[in-house]
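Biologist: I am new to this model and would like a close look at a single part of it. Please start with one small spot and then lead me outward from there.

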Amino acid sequence: MAKLTIDGTEIEVPDGTRLFDACADVRGQALPHFCYHPDLAIAGVCRLCQVEVEGMPKLTIACNTMVRDGMVVHTRNDKVRAAAKQILEMHLINHPVDCPICDQAGECGLQDQYMIYGLYDAEVEQADKVHKEKAQVIGPHVILDKERCVLCSRCVRFCADVTGTGEMGIFNRGDRAEIGVAPGVELDNNYSLNTVDICPVGALTSRDFRFEKRVWMLKPTDGICPGCATGCNVRIDHEAGRVYRLKPRRNDAVNGAWMCDKGRMLYKDVHDEHRLGAPRLEGADTDWATAGQAFAARMAAGLGLVVASPHCSLEELHLLKRLAEAKGAGLVAGPAEADRGDGDSLLLDGDRAPNRAGLALLGIEELPGAELANRIASAGATVLVAGGEPGDVAVVGEALRAADTVFLGTHDRATAGAARLVLPGAAWAEKAGIFVNRQGRFQRFLQAVVRTGQARDDWRVLGEVLSGLDQPHPGSLRELRGELAQALDLEHLEHLDNLPAGGLVPREAAGPAAGGDA
Amino acid sequence: MTPKELQILSARFGRDNGHKLAVYEAEGGYTALRMALSGMQPSEVREVVKDAGLRGRGGAGFPTGVKWGFVPEGADMIYFMVNADESEPGTFKDRYLLDYDPHQTIEGTIISCFAVNARTAFIYIRGEFGWLVDRVQKAVDEAYAAGYLGRNILGSGYDLDMIVHKGAGAYICGEETGLINSIEGRKGQPSIKPPFPAVQGFLDKPTIVNNVESVASVPWILNNGAAAYKAIGTEKSCGTKLFSVSGPVKRPGVYEIPLGLSFREFFHEWLGGMADGEELKAVIVGGSSVPVLPAADIMNCNLDYESLGQAGTMLGSGGMIVIPERSDMVELIQVLMHFYYDESCGQCTPCREGTGWLYRIVKRLRGGEGSAKDLDLIEHVCGGMAGLTICPLADAAVMPMRSFLDKFRPEFEALIREPVPAVSSSRWPRGEQE
Amino acid sequence: MSQPVADNAFSLSDASRARIEALVERYPTKASALMPCIWTIQDELGHVPPAGIDFLVGKLEMTPARVHEVLSFYTMFRTEPQAEYVLQVCHNISCHIMGARPLIAHLEKRLGIRLGETTPDGRFALEGAECLGACGHGPCLQLGRHLYEYLTPEKADDLLESLKRGEIPRADTDRELED
């Protein structure tokens with residue numbers, strides 16, 4: 001351990017602690033910085049995080065200094081403040097200051113640092129400013145403005161060390177230096193938009209988000225990416241019922257600070273033109289009252305098979321199981337070969353559904369398409385499909401069309417087309433729930449935006465059906481989760497309604513005493 | 001002009017055959033190497049050089065023997081780099097050493113490598129010295145053939161491989177970590193420290209980087225002993241130093257002087273004073289990166305680290321630029337500011353942006369578009385650069401800028417009161433960027 | 001934004017290829033052989049064309065970004081075809097004091113171009129250079145591997161005359177390899 005003094009406060013930290021981090025802890029806010037990033041190698045080029053360490057002849061950068069016992073550090077004295085202000089000024093002299101047309105405004109490192117350390121009048125003559133190329137598309141998702149770049153090199157380090165793809169470099173020297181991709185190369189790896197996240201200024205911006213929304217209008221909601229079994233933690237940025245973008249939310253146990261581009265673009269599903277907006281009975285739009293009656297009537301008559309999906313939340317799966325048990329219906333999921341793709345060595349899993357582990361936990365068997373089609377054909381009564389798009393597999397779609405199918409889902413595709421009764425459900429960003437990722441981690445996602453059209457919360461729809469069958473049904477999500485915890489034998493945990501933001505692996509949380517094969 | 005007994009480095013300067021192995025050997029060459037390899041331990045060699053008080057001759061002046069001591073014990077691989085990237089304006093002494101006496105540098109390098117247990121040495125020669133790279137390579141080949149390089153040198157069991165590496169035009173590769181990064185196949189941008197190169201340098205292995213003149217001094221020190229070296233020069237500035245002299249003196253060139261020689265004597269006796277029709281105005285004594293001294297100030301100095309330090313400048317690389325009375329000091333500082341703007345590696349913000357800004361302010365000033373606040377602005381920019389960067393290039397730009405403004409301020413002020421029209425018909429420097 | 005990936009005109013002599021193989025052998029890592037490999041290509045072709053860059057990327061197992069960074073960082077590396085004679089005149093402080101600017105003005109007049117430009121016939125390019133390490137022998141001019149010192153307008157004229165005839169005159173600094 002090392003004892004050191006920062007701004008008059010004595011602290012004790014483990015040896016090997018970075019002075020940058022120690023200062024952030026004491027100050028309650030990070031030192032000014034651009035190039036430092038906890039997940040990237042140290043560059044030490046922005047020079048902003050310089051502090052005074054007594055006994056050293058010059059100011060020293062905190063990001064490349066390890067704490068030493070007895071260090072006395074000043075981060076807020078006149079010398080340090082003056083240096084921060086001057087270095088910030090150097091970052092700005094050739095900056096175009098085109099905030100009015102820059103997407104980064106409102107979440108920009110230069111703006112933020114200027115408000116804290118700057119607040120001076122610019123001294124550089126306009127004629128002396130260096131100009132560089134603006135608005136250069138460098139990949140399918142990213143557009144580069146070289147003039148705004150502060151050459152912190154985060155994007156270069158990201159591409160070199162995290163994705164290992166090395167598309168980006170810094171060319172030329174002196175103030176002619178510019179970030180870019182090598183000629184003939186595109187920034188097209190599946191993690192390219194993380195460079196936009198880590199770019200502290202508006203040099204690298206998202207083409208998708210360009211000019212869409214001022215960031216101070218956006219509200220953030222915690223979510224879990226539904227794209228694969230990794231379950232990257234995300235932040236859903238939305239305003240007035242629309243999602244505008246996804247950002248990764250740090251979870252060092254799951255996705256670190258990153259997410260993949262495929263997942264990032266999934267917000268588009270929420271608002272695409274194929275969303276089911278209204279219930280549909282025998283091909284004609286109707287209202288919920290009518291649809292609800294039709295559903296109840298069918299359930300009373302008999303339920304032959306429930307086809308669940310790894311896209312359903314854990315709560316929905318629980319209610320589907322209860323419904324199947326109440327009616328003596330079969331309960332399966334599938335087709336098992338759907339929602340598969342290539343995984344990579346970073347985050348993207350070959351399992352492209354967020355809750356297959358949830359299916360396994362509840363003992364719901366996943367069948368391949370051909371077998372699933374047979375089960376549908378021999379169901380003998382109404383088939384309820386909840387979540388997913390099993391009808392995309394032709395043989396299953398045909399079986400669904402031949403059967404008396406009820407579909408509780410989000411999009412008007414083959415499955416909805418095959419169903420006699422279509423009930424519009426909530427998209428992943430329009431409801432709250434729990435997904436279990438490939439680590440067995442229970443991760444909660446929250447409702448970000450209001451539901452499209454007449455879409456309803458799926459668990460409520462299922463609850464109403466149970467009620468109609470005189471079965472016990474939960475009155476709230478909290479109650480539902482209580483039932484779920486019991487069903488899964490997880491009472492030793494905090495109520496499932498209080499999952500921590502970083503998720504929980506129940507067996508780990510329970511400790512060795514909880515049994516199992518730990 | 002150097003007395004024979006002080007020709008530690010320059011014995012073969014100006015000759016047309018001094019570069020040949022036979023000549024070097026006939027004049028005592030490789031005796032020191034034999035001595036080191038046949039009877040001395042590496043630690044003993046380090047002690048001799050440390051004791052002799054040899055200081056890095058590239059410009060930093062750091063004690064060479066002390067630097068050698070930073071290599072950790074028991075390292076499995078150690079590299080040695082000879083810094084022949086000589087690019088400091090006003091400096092052309094390493095050129096003379098490599099051109100006229102490459103074997104001296106080679107011998108000095110082998111001994112130095114032995115002293116730090118290095119097994120591979122690179123001689124990094126700036127690309128603009130392409131005209132002498134073949135000569136150096138030939139000398140290295142001769143050394144291999146004679147058994148001074150390669151495996152089991154002179155039967156001692158010591159192996160050393162030596163590679164001649166050509167640069168490609170970047171002053172910043174003269175900074176030791178810039179040089180290391182350059183040889184690794186990257187841009188020659190300096191590295192942040194820690195880690196320090198002696199511990200973690202080339203390919204993350206311990207690496208020592210020494211200037212040509214530093215290693216070239218080693219054979220004489222070993223042959224004649226530390227005491228003899230210390231007997232020359234002053235207490236803190238031992239031995240001899242090569243001064244590169246340019247400007248309108250009667251006899252410009254490279255001179256080996258005993259440190260501590262008075263500038264007055266050097267200027268009048270050795271250099272013959274100013275050329276006919278020229279008057280002395282100022283001198284930049286240690287390469288362009290040190291503060292300028294007006295004539296009256298330099299005349300009272302001795303040419304050693306301490307005396308020049310006390311006068312407010314530095315011995316640096318010993319690149320002595322003699323500035324005549326006819327010179328326009330603002331024009332000269334514009335030339336220098338363009339140099340640092342051109343050569344800044346661009347990595348860290350204060351230097352990258354500051355060097356460009358300084359150049360543009362001075363250029364505007366000279367073009368008659370400057371205002372009084374520009375002089376304060378210059379100092380403000382300097383304040384945002386000095387001491388705040390990864391390497392000293394920013395300081396190297398700031399020191400001459402501040403000193404020119406400080407010592408010759410009226411010339412700057414005159415430009416504000418009476419704008420001087422741009423006199424030159426040529427758009428200099430290199431025209432593609434202003 | 002993209003350049004053609006393969007330059008069909010790229011062909012390197014066997015001697016150069018052999019030299020590159022030897023360099024890759026000699027240097028401790030493939031990447032560390034980059035600079036001398038670039039020199040080998042440039043010495044033969046006058047510059048490094050896109051196909052040369054691809055070649056280096058493959059041979060040295062480096063990314064295009066890394067190779068381009070190096071090519072763009074060092075002033076002596078060229079990625080465009082060069083004029084037949086690239087005259088680089090030092091304009092740093094010592095040469096400046098000794099008359100570099102009038103020399104440059106003289107060359108501009110003789111060649112009919114400004115500093116930084118190339119003659120229309122593509123034979124002569126005039127560039128400025130920073131300190132070439134000949135400060136006491138200035139003004140000076142670099143032409144490839146030849147360094148001409150103690151230049152005056154008259155000597156510059158002699159040099160140009162030779163070059164126009166296609167002869168590179170011997171410089172005092174030309175060091176012939178002995179046998």
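Modeller: Let's begin with P194(B), which sits in the loop that links helix 8 (176–183) to strand 4 (207–211) of chain B; helices (H or I, at least four residues) and strands (E, at least two) are DSSP runs numbered from the N terminus. The peptide bond leading from K193(B) into P194(B) is cis, and its omega is near 5 degrees. Now take one step along the chain: the bond from P194(B) to P195(B) is cis too, with omega near 0 degrees. P195(B) lies in the loop between helix 8 and strand 4 of chain B as well.

Please keep in mind that this is a predicted model, where local features need pLDDT of at least 70 and side-chain atom pairs count only at pLDDT 80 or more, while totals for chains, interfaces and linings use all residues. Residues are numbered from 1 along each chain as its sequence is written, and chains are lettered from A and ligands numbered from 1 in the order in which they are written. For the model overall, ipTM is 0.94 and pTM is 0.93. In chain B, the average pLDDT (the predictor's confidence in each residue, from 0 to 100) is 94, and 96% of the residues score at least 70. One stretch to read with care is 422–434 of chain B, where pLDDT stays under 50 and the model has 30 contacts beyond four places in sequence. Here, a contact means that the C-beta atoms of two residues, placed from the backbone, lie within 7 Å.

Stepping back from the loop, the domain assignment (automatic or from a database) splits chain B into domain 1 (4–230), domain 2 (240–324) and domain 3 (329–417). Taken over C-alpha atoms, the centres of domain 1 and domain 2 of chain B are 26 Å apart. Where these two meet, domain 1 of chain B contributes 18 residues and domain 2 of chain B contributes 20. On the domain 1 side of that contact there are seven nonpolar, seven polar and four charged residues; Ala, Val, Leu, Ile, Met, Phe, Trp, Tyr, Cys and Pro count as nonpolar, Asp, Glu, Lys and Arg as charged, and the others, Gly among them, as polar.

Next come the neighbours of chain B. Chain B brings 59 residues to its contact with chain C, and chain C brings 49. Among the elements giving two or more residues to the chain B side are helix 7 (130–145), strand 3 (161–166) and helix 15 (329–343) of chain B. That side of chain B holds 24 nonpolar, 20 polar and 15 charged residues.

Chain C itself has seven helices and four strands, and from the N terminus its elements read α-α-α-α-β-α-α-β-β-β-α. Its C-alpha trace spans about 50 × 45 × 30 Å along its principal axes. Chain C averages a pLDDT of 93, with 93% of its residues at 70 or above.

Chain B also touches chain A, through 26 residues of chain B and 27 residues of chain A. On the chain A side, helix 2 (residues 78–92) of chain A gives the most, with six residues. By class, that side of chain A has 12 nonpolar, seven polar and eight charged residues. Follow the chain on from helix 2 of chain A and, in the loop before helix 3 (109–117), you will find V97(A). V97(A) has a positive phi of about 50 degrees, although it is not a glycine.

To finish, here is one helix pair in chain A. The axes of helix 11 (residues 369–377) and helix 12 (residues 394–402) of chain A come within 8 Å and cross at roughly 5 degrees. Helix 11 of chain A is therefore roughly parallel to helix 12 of chain A, a term used for angles under 35 degrees. Axes are lines fitted to C-alpha atoms, for helices over the stretch in contact, with angles from 0 to 180 degrees between N-to-C directions. The residues that meet include L372(A) and I376(A) in helix 11 of chain A, and V396(A) and L400(A) in helix 12 of chain A. By class, this contact has 10 nonpolar residues, one polar and no charged.

Conventions: Parallel < 35°, antiparallel > 145°, perpendicular 65-115°, else oblique.
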